[in-house]
Amino acid sequence: MTGTVQSEGRLKIAVVTQHFWPENFQINHLVRALTERGHKVTVLTGKPNYPAGDFFEGYSYLGHDVDCYQNADVLRVPVIPRGKGGGLRLALNYLSFVANARLFGIRRLNGRFDAIFCYAPSPFTVGLTALSVKRHTGAPMLIWVQDLWPESVAAAGGVKANWVLGLLDAMVLHIYRGADRVLIQSPAFRTHVERAGIAADRVVYFPQSVDPLFQPLSPEQSPEQGALMPPGFRVMFAGNVGQAQDFETVLAAAERLRDYPEIKWVVIGYGRRHAFLAEEVKKRGLGDRFALLGQHPESSMPLFFAHADALLVTLRKDPIFAKTIPTKIQSYLASGKPIIAGMDGEGARIVLESGAGFAAPASDPDKLAEAVLTLYGLSEEKRGQMGRNAKAYSVNHFDRDRLVDQLVGEMAALGAAR
């Protein structure tokens, strides 16, 4: 079957993603934006189990294989849950989606589609499923690359075996060549993608956009969240607590600021390293400096951010992480708060270019502590200006409507060409 663009500019789009609502991923917002514009979206995905590693309430390996989200049809296939996130369990989680999508999912995508949109964070194996959907439907495929494999697997997952990394690299290049468009979330990804030998015009910079829920709020608008906060100057981290986020450096920076008891570190989120973080906070005697608030729905994040004096983003020192723009940077900017970036490369560039805050080299606790202390010493007016700079940069570079219009234009052009 050949994709044919629908009348009145409305498209029929198949979205392929291993992770989807009620899991918290950017693809949720993009699907909602597409359906709000009247496009017909069908999502092929797995059973939700991220980040805790167990199925969400109401889901299991079998059953509950159909949902509706913001007028999008959601088709779910069984997956082996990721559990504690060990290497073998993660591999089974990734591969079970690929296998079960082919066995039980793709044949449920009926009719003609104008485009296939593949959301590809780790696991990148989702791209193999998208290629199968392309063969099944005949529609053009766009893949949105969030993470670079195999480099990110080696950096964050500790995979060192050359034969494994070589196999993953061959898989990734195969996926790039099979896609009609490769969308990259960071300009620094371009050379990695183009080594697949594809034409430069098939690689398009498409950054993360900002969900409209992220707006500057005052503390008075969120008293419940404020009641969970320790008093003082709050440096707030929100998101996945994993290996890549380098909490060893955050802890070391906090130790260097022991003489400033009013500086507090607030962590909202969960992940593979959460237990480690809690244990280290206790072991290092930092219990009065850290507040670990656990997992909260994304919809409540602006309410928490309202009580932050600074928003923190960190990534471990590694060349591959320097090429990445963490999703939280866009959300932080839109929330109109000063930002401290403990990272190299693209993310640090954006924070400095926007005038939204300070950047310290990745994995450097001395410089991170110095950045926190410098921001702490600024006047409220200067910190407020950084927040206003952040919001203005967000509007100019990561506006949701403009970016979704760009994506729809790419899809429509590809569909018309077919």
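**Figure 1. Tyr 119 of strand S5 stands opposite Trp 144 in strand S6.** The model shown here and in the other views is predicted. S5 and S6, the latter covering residues 141-145, pair in the parallel sense. Five bridges hold this pairing. On the other partner, strand S1 (residues 12-16), S5 is joined through four bridges. S1 and S5 also run parallel. In that pairing, Ala 14 stands opposite Ile 116 in S5.

**Figure 2. Strand S5 (residues 115-120) is largely enclosed by the rest of the structure.** Six of its six residues are buried, hence the enclosure. Ala 115, Phe 117 and Tyr 119 point one way. Ile 116, Cys 118 and Ala 120 point the other way. Both sets are buried. In a regular strand, side chains alternate between the two faces of the sheet.

**Figure 3. Eight strands form an open sheet with mixed pairing.** The strand order is S3-S4-S2-S1-S5-S6-S7-S8. Strands S3 (66-69) and S8 (203-205) are the edges, and each pairs on one side only. From one strand to the next, the twist averages 25 degrees.

**Figure 4. Edge strand S3 pairs with strand S4 (residues 72-77) in the antiparallel sense.** Four bridges make up this pairing. Asp 67 stands opposite Val 74 in S4. The loop between S3 and S4 contains Asn 71. Phi of Asn 71 is near 70 degrees, a positive value in a residue other than glycine. Asn 71 counts as exposed, at 62% relative accessibility.

**Figure 5. Gln 26 is a buried residue of helix H1.** H1 spans residues 26-36. The relative accessible area of Gln 26 is 8%. This falls under the 20% limit, so Gln 26 counts as buried. Leaving aside residues up to four places away in sequence, Gln 26 touches Tyr 119, Gln 208, Ser 209, Thr 327 and Arg 400. One of these contacts, Tyr 119, belongs to S5 and is itself buried.

**Figure 6. Helices H2 (residues 87-105) and H3 (residues 126-137) cross at roughly 15 degrees.** Their axes come within 8 Å. Angles under 35 degrees count as roughly parallel, and H2 and H3 are therefore roughly parallel to each other. The crossing is right-handed. From H2, the contact draws on Phe 97, Val 98, Ala 101 and Arg 102. From H3, Val 126, Leu 128, Thr 129, Ser 132 and Arg 135 take part. By class, the contact has five nonpolar, two polar and two charged residues.

**Figure 7. Two loops carry cis peptide bonds before proline.** Most peptide bonds are trans. The bond from Trp 21 to Pro 22 is cis, with omega near 10 degrees. Pro 22 lies in the loop between S1 and H1. The bond from Tyr 50 to Pro 51 is also cis, again with omega near 10 degrees. Pro 51 sits in the loop between strand S2 (40-46) and S3.

**Figure 8. His 64 has a positive phi in the loop between S2 and S3.** Most residues other than glycine have a negative phi. Phi of His 64 is near 50 degrees. His 64 is partly exposed, with a relative accessible area of 34%. The loop that holds His 64 is also the place of Pro 51.

Technical notes: Residues are numbered from 1 along each chain as its sequence is written. This is a predicted model: local features need pLDDT of at least 70, side-chain atom pairs count only at pLDDT 80 or more; totals for chains, interfaces and linings use all residues. Side-chain values use heavy atoms; hydrogens and water are left out. Two strands pair if DSSP finds at least two bridges between them. Helices (H or I, at least four residues) and strands (E, at least two) are DSSP runs, numbered from the N terminus. Axes are lines fitted to C-alpha atoms, for helices over the stretch in contact, and angles run from 0 to 180 degrees between N-to-C directions. Angles under 35 degrees count as roughly parallel, over 145 as roughly antiparallel, 65 to 115 as roughly perpendicular and the rest as oblique. A crossing is left-handed if the near helix is turned anticlockwise from the far one by less than a right angle, and right-handed if clockwise. Contact means heavy atoms within 4.5 Å. Ala, Val, Leu, Ile, Met, Phe, Trp, Tyr, Cys and Pro count as nonpolar, Asp, Glu, Lys and Arg as charged, and the others, Gly among them, as polar. Buried means under 20% relative accessible area, exposed over 50%, partly exposed in between (1.4 Å probe, protein chains only).
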